[in-house]
Amino acid sequence: MPPLTYTTGDLEAAAGVLQASAAQLEARGQALWPLASLTPERLARHYPAGGWQVAWRAGQAVGTYCLLDRDPPFWPDDPPGEALYLHKLAVHPAAQGSGLSTLLLADARARTRAAGRPWLKLDTAANRPALRALYERAGFEPCGEREVFGFRVVLFRQPTGAEN
């Protein structure tokens, strides 16, 4: 299998992966994100371009995620510099089932460690047992629940090995 390469800030490619993944989930009756919220313009309003990572294999965008420096809606009590916060992890349907989500999470952890942050944190909907299990298999520990924007979420964290 060809190696992964990454680009930073490619909103068009990130949106393409997110839209394909969201459409597939919606077709299976497991809608996660509204398709209209996944345009490059909408993503740019809510996430800094420099936080986007896009994974490429053989010239195709196969995965994406965004890292945020702060995440007050989900982690309002965190002190500055404690963590990076992962959002919008997605694998293109054509690349699913190959362990790519685990590689994306490992890349996010490595980037968080390189930034000197001791924690990589994320959240997921409380009613998504498959996603919760994915994060736990990848070494994340659940560390709380809260209601955010009308949704019940589980908070997860993973130490990076970096010292703050």
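Visitor: Is alanine 58 buried or exposed?

Guide: Alanine 58 is exposed, because its relative accessible area of 63% is over the 50% cut-off. Bear in mind that this is a predicted model.

Visitor: Where is the place of alanine 58?

Guide: Alanine 58 sits in the loop between S2 and S3. Those two strands make a hairpin with two residues between them. The phi of alanine 58 is near 55°, a positive value in a residue other than glycine.

Visitor: Which residue just after H1 takes a positive phi?

Guide: That is glycine 29, with a phi of about 75°. A further case is lysine 88, which has a positive phi of about 60° although it is not a glycine. Lysine 88 belongs to strand S4, and it counts as buried because its relative accessibility is 16%.

Visitor: How should I read the pairing of strands?

Guide: In general, the strands of a sheet pair through backbone hydrogen bonds, either parallel or antiparallel. Here S2 and S3 are antiparallel over six bridges, and S3 and S4 are antiparallel with five bridges. S1 and S2 also run antiparallel, joined by four bridges.

Visitor: Which residue in S3 is the bridge partner of alanine 55?

Guide: Glycine 63 of S3 is the partner of alanine 55. Glycine 63 in turn has valine 91 in S4 as a bridge partner. On the S1 side, tyrosine 6 stands opposite alanine 55 in S2. Following these partners takes you from tyrosine 6 to alanine 55, on to glycine 63 and then to valine 91.

Visitor: What is the order of the strands in the open sheet?

Guide: Seven strands make up the sheet, in the order S1-S2-S3-S4-S5-S7-S6, and the pairing is mixed. Strand S1 (5-8) and strand S6 (141-148) are the edge strands, each pairing on one side only. On average, neighbouring strands of this sheet are turned by 30° against each other, direction ignored.

Visitor: How does H1 pack on the sheet?

Guide: H1 touches S2, S3 and S4, and its direction makes about 105° with that of S3. Helix H3 (residues 100-114) runs at about 40° to S3. H3 lies across S1, S2, S3, S4, strand S5 (119-125) and strand S7 (151-159).

Visitor: How do I read the buried residues of a helix?

Guide: Begin with the geometry: an α-helix has 3.6 residues a turn, so residues three or four places apart point the same way. Now take H1, whose buried residues include Leu11, Ala14, Leu18, Ser21, Ala22 and Leu25. Ala13, Ala15 and Val17 are buried as well. The buried residues of H1 pack against helix H2 (40-46), strand S2 (52-57), strand S3 (60-68) and S4.

Visitor: How many residues has H1, and what span does it reach?

Guide: H1 (residues 11-27) has 17 residues and reaches 24 Å from its first C-alpha to its last, close to the 24 Å expected at 1.5 Å a residue.

Visitor: And how do I read burial in a strand?

Guide: The general idea is that in a regular strand the side chains alternate between the two faces of the sheet. In S3, eight of its nine residues are buried, and the strand is mostly covered. In strand S4 (residues 83-91) you find histidine 87, which counts as buried because its relative accessibility is 10%.

Visitor: Which residues does histidine 87 touch, not counting residues up to four places away in sequence?

Guide: Histidine 87 touches Tyr47, Tyr65, Cys66, Leu68, Asp71, Phe74 and Asp123.

Visitor: What is the nearest side chain of opposite charge to arginine 128?

Guide: It is glutamate 26, 10.0 Å away; arginine 128 is buried yet has no salt bridge. To count as a salt bridge, a side-chain nitrogen of Lys or Arg has to be within 4 Å of a carboxyl oxygen of Asp or Glu. Arginine 128 lies in the loop between S5 and helix H4 (129-137). Leaving out residues up to four places away in sequence, arginine 128 touches Leu25, Gln30, Ala31 and Leu32.

Visitor: Is arginine 137 buried or exposed?

Guide: Arginine 137, in helix H4, counts as exposed because its relative accessibility is 65%. From C-alpha to C-alpha, arginine 137 and valine 148 are 24 Å apart in space, and they are 11 residues apart in sequence.

How values were computed
Residues numbered from 1 in each chain as written. Predicted model: local features only at pLDDT ≥ 70, side-chain atom pairs only at ≥ 80, totals over all residues. Heavy atoms only, no water. Buried < 20%, exposed > 50% of the residue type's maximum accessible area, 1.4 Å probe, protein only. Contact = heavy atoms within 4.5 Å. Expected span 1.5 Å × (residues − 1). Pairing = 2+ DSSP bridges. Axes fitted to C-alpha atoms, helices over the stretch in contact; angles between N-to-C directions. Lys, Arg positive; Asp, Glu negative; His and termini not counted.
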